[in-house]
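Please read the following account alongside the sequence and the coordinates. It goes from one helix to a ring pair, then to a surface patch and a hairpin.

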Amino acid sequence: MPTAKQDINDFRDRVKRIGNPRNTSYYDRDLGMEIPKRVSHKEIKKKNKKPSVLSTLLVSVILGGLGLMFAQVVRIRYFGLTEPSNLVLYLELFIAFWAVVMLAALMDRRKTSERIAQVVGVAVMMVAGHNIIWRWPDQLAIIYTPAHVEQVLETTTQHSVVVRGSVYGL
């Protein structure tokens with residue numbers, strides 16, 4: 001579509017139309033639409049709705065769980081530590097909280113309530129995370145190791161909670 005040749009006077013006329021205080025919008029030829037000069041606060045606030053508290057906390061709990069999963073993968077795959085001990089627990093918690101801090105910073109989840117929800121996510125994953133392995137053993141054998149998945153399937157039961165080495169069925 002050919003356009004008419006424009007000169008400096010066309011540019012000045014356009015600037016005058018844009019700067020005219022009676023104009024609430026101006027027509028942009030390049031975009032082919034009216035562009036508002038000012039947007040009301042009501043319009044801005046309508047578009048920037050805050051997520052609900054429940055969804056925010058749920059995302060934070062999931063971040064905590066993912067942080068502990070990351071720590072377990074690092075512990076099992078890279079350090080080769082499969083036997084439970086206090087040192088392994090502290091290493092796993094350190095890596096988990098480091099991963100949670102990094103994920104929370106990336107997703108801008110740094111409020112106190114969100115941090116508490118992340119700690120809850122780590123705790124829930126510690127006591128009930130093995131149920132995910134029961135649900136998807138083949139897929140998680142790729143993420144963890146097949147030997148670890150077999151060990152979890154042998155030592156725990158489905159729909160259970162592990163607290164300090166004791167398995168409690170639900």
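Helix H3 is a convenient place to start: its 26 residues reach 37 Å from the first C-alpha to the last, close to the 38 Å expected at 1.5 Å a residue. The model is a predicted one. After H3 comes Gly80, which has a positive phi near 70°.

H3, which covers residues 53-78, contains Phe70, and this residue leads to a second helix, H4 (residues 86-107), where Trp98 is placed. A search of the whole structure for aromatic pairs finds one. It is formed by Phe70 and Trp98, whose ring centres are 6.3 Å apart and whose planes meet at 35°, so the pair is classed as tilted. The class follows from the angle because planes under 30 degrees apart would count as stacked and those over 60 as edge-to-face. The two residues are 28 apart along the chain, and their pair links distant parts of it. A pair of aromatic rings is described by the distance of the centres and the angle of the planes.

How exposed are the two partners? Phe70 has 39% relative accessibility and counts as partly exposed. Trp98, at 45%, also counts as partly exposed. Both values fall into this class because it lies between the limits of 20% for buried and 50% for exposed.

Both rings also belong to the surface. Phe70, Trp98, Val101 and Met102 make a nonpolar surface patch of about 370 Å². Helix H4 gives the most to this patch, with three residues. Val101 has its place in H4 and, at 38% relative accessibility, counts as partly exposed.

Another aromatic residue of H4 is Phe94. Is Phe94 buried or exposed? Its relative accessible area is 61%, so Phe94 is exposed. Between the C-alpha atoms of Phe94 and Arg115 there is a separation of 15 Å, with their positions 21 residues apart along the chain.

The last stop is a pair of strands. S3, residues 160-163, and S4, residues 166-169, pair in the antiparallel sense over four bridges. Within this arrangement, Val161 stands opposite Tyr168 of S4. The hairpin of S3 and S4 has two residues between the strands, and in it Arg164 takes a positive phi near 50°. In a regular strand the side chains alternate between the two faces of the sheet.

Conventions. Residues are numbered from 1 along each chain as its sequence is written. This is a predicted model: local features need pLDDT of at least 70, side-chain atom pairs count only at pLDDT 80 or more; totals for chains, interfaces and linings use all residues. Side-chain values use heavy atoms; hydrogens and water are left out. Rings of Phe, Tyr and Trp (its six-membered ring) pair if their centres lie within 6.5 Å; planes under 30 degrees apart count as stacked, over 60 as edge-to-face and the rest as tilted. Buried means under 20% relative accessible area, exposed over 50%, partly exposed in between (1.4 Å probe, protein chains only). Two strands pair if DSSP finds at least two bridges between them. Patches are made of residues with over 30% relative accessible area and no salt bridge: like charges are joined within 9 Å, nonpolar side chains (Val, Leu, Ile, Met, Phe, Trp, Tyr) within 5 Å. Accessible areas come from the Shrake-Rupley method with a 1.4 Å probe; for residues, only the protein chains shown count as cover. A salt bridge is a side-chain nitrogen of Lys or Arg within 4 Å of a carboxyl oxygen of Asp or Glu. The expected span of a helix is 1.5 Å times one less than its number of residues.
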